[in-house]
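The following questions and answers examine how descriptive terms are assigned to a structural model. Each answer sets a value against its definition.

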Amino acid sequence: MGRQNFGGFGGGANMQQLMRQAQKLQQQMAEAQEALDAKEYEAASGGGMVSVKVSGKRELTGITINPQVVDPDDIDMLQDLIMAAVNEALRKGEEAREEAMGKMAPGMGGMF
């Protein structure tokens with residue numbers, strides 16, 4: 001019975017090359033993950049009345065509220081502005097993460 005080559009994965013040299021490529025990709029992805037985690041994303045709402053910062057680790061790291069927007073009779077508006085700014089900052093971070101990971105592994109973009 002002869003040796004079969006299943007799509008280029010049957011030979012030892014091919015398998016070793018594939019493993020090296022996988023290890024290299026894994027290392028590149030780990031480095032990219034570290035870089036993304038270290039980044040900070042900022043977004044504002046209400047015309048800049050509320051601004052927030054989030055880390056690449058998806059953690060809220062800062063909130064700035066313009067005193068002019070603080071109205072004790074309208075706390076709901078302030079809460080909405082904060083929520084909108086946080087969600088936008090998180091969206092920016094996620095978009096950057098998907099773009100970076102998609103460049104490394106085009107067929108795996110939705111996994112991260």
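Q: In which strand is Ser45 found?
A: Ser45 is found in strand E1. Helices (H or I, at least four residues) and strands (E, at least two) are DSSP runs, numbered from the N terminus. The model is a predicted one, in which local features need pLDDT of at least 70 and side-chain atom pairs count only at pLDDT 80 or more, whereas totals for chains, interfaces and linings use all residues. Residues are numbered from 1 along each chain as its sequence is written, and side-chain values use heavy atoms, with hydrogens and water left out.

Q: Why does Ser45 count as buried?
A: Buried means under 20% relative accessible area, exposed over 50%, and partly exposed in between (1.4 Å probe, protein chains only). Ser45 has a relative accessibility of 9% and therefore counts as buried.

Q: Which residues does Ser45 touch, not counting residues up to four places away in sequence?
A: With that exclusion, Ser45 touches Val50, Leu81, Ile82, Ala84 and Ala85. Contact here means heavy atoms within 4.5 Å.

Q: Why does the span of helix H1 agree with its number of residues?
A: The expected span of a helix is 1.5 Å times one less than its number of residues. Helix H1 has 27 residues (12–38) and should therefore span 39 Å; its end C-alpha atoms are 39 Å apart, so the two values agree.

Q: Which residues of H1 are buried, and what covers them?
A: Met29, Ala32 and Leu36 are the buried residues of H1. Their cover includes strand E1 (40–45) and helix H2 (75–104).

Q: What makes the contact of Asp37 and Arg97 a salt bridge?
A: A salt bridge is a side-chain nitrogen of Lys or Arg within 4 Å of a carboxyl oxygen of Asp or Glu. The side chains of Asp37 and Arg97 meet at 3.3 Å, N to O, so the pair satisfies that limit. Asp37 belongs to helix H1 and Arg97 to helix H2, so this salt bridge ties together parts that are 60 residues apart in sequence. The structure holds five salt bridges.

Q: Are Asp37 and Arg97 buried or partly exposed?
A: Asp37 is partly exposed, because its relative accessible area is 22%. Arg97 is buried, because its relative accessibility is 4%.

Q: What makes the pair of Arg58 and Glu94 a salt bridge?
A: The N to O distance between the side chains of Arg58 and Glu94 is 2.9 Å, so the criterion for a salt bridge is met. This pair links distant parts of the chain: Arg58 is in the loop between strand E2 (50–55) and strand E3 (60–65), and Glu94 is in helix H2, 36 residues apart. Arg58 has a relative accessible area of 47% and is therefore partly exposed. Glu94, at 23%, is also partly exposed.

Q: How far apart are the closest N and O atoms of Arg91 and Glu88?
A: They are 2.6 Å apart, and the two residues form a salt bridge. Arg91 and Glu88 both lie in helix H2, three residues apart, about one turn of the helix. Salt bridges that share partners join Glu88, Arg91 and Glu95 into one network.

Q: What is the order of the strands in the open sheet, and how do they pair?
A: The three strands have the order E1-E2-E3, with antiparallel pairing. E1 and E3 are the edge strands, as each pairs on one side only.

Q: How do you know that E1 and E2 pair?
A: Two strands pair if DSSP finds at least two bridges between them. Six bridges join E1 to E2, so these strands pair. In E2, Val52 is the bridge partner of Ala43, and Ser51 is that of Ala44.

Q: How many bridges join E2 to E3?
A: Five bridges join E2 to E3, which run antiparallel. One of the bridge partners in E3 is Thr64, which is matched with Ser51.

Q: Why is E2 called largely enclosed?
A: Five of the six residues of E2 are buried, so the rest of the structure largely encloses this strand.
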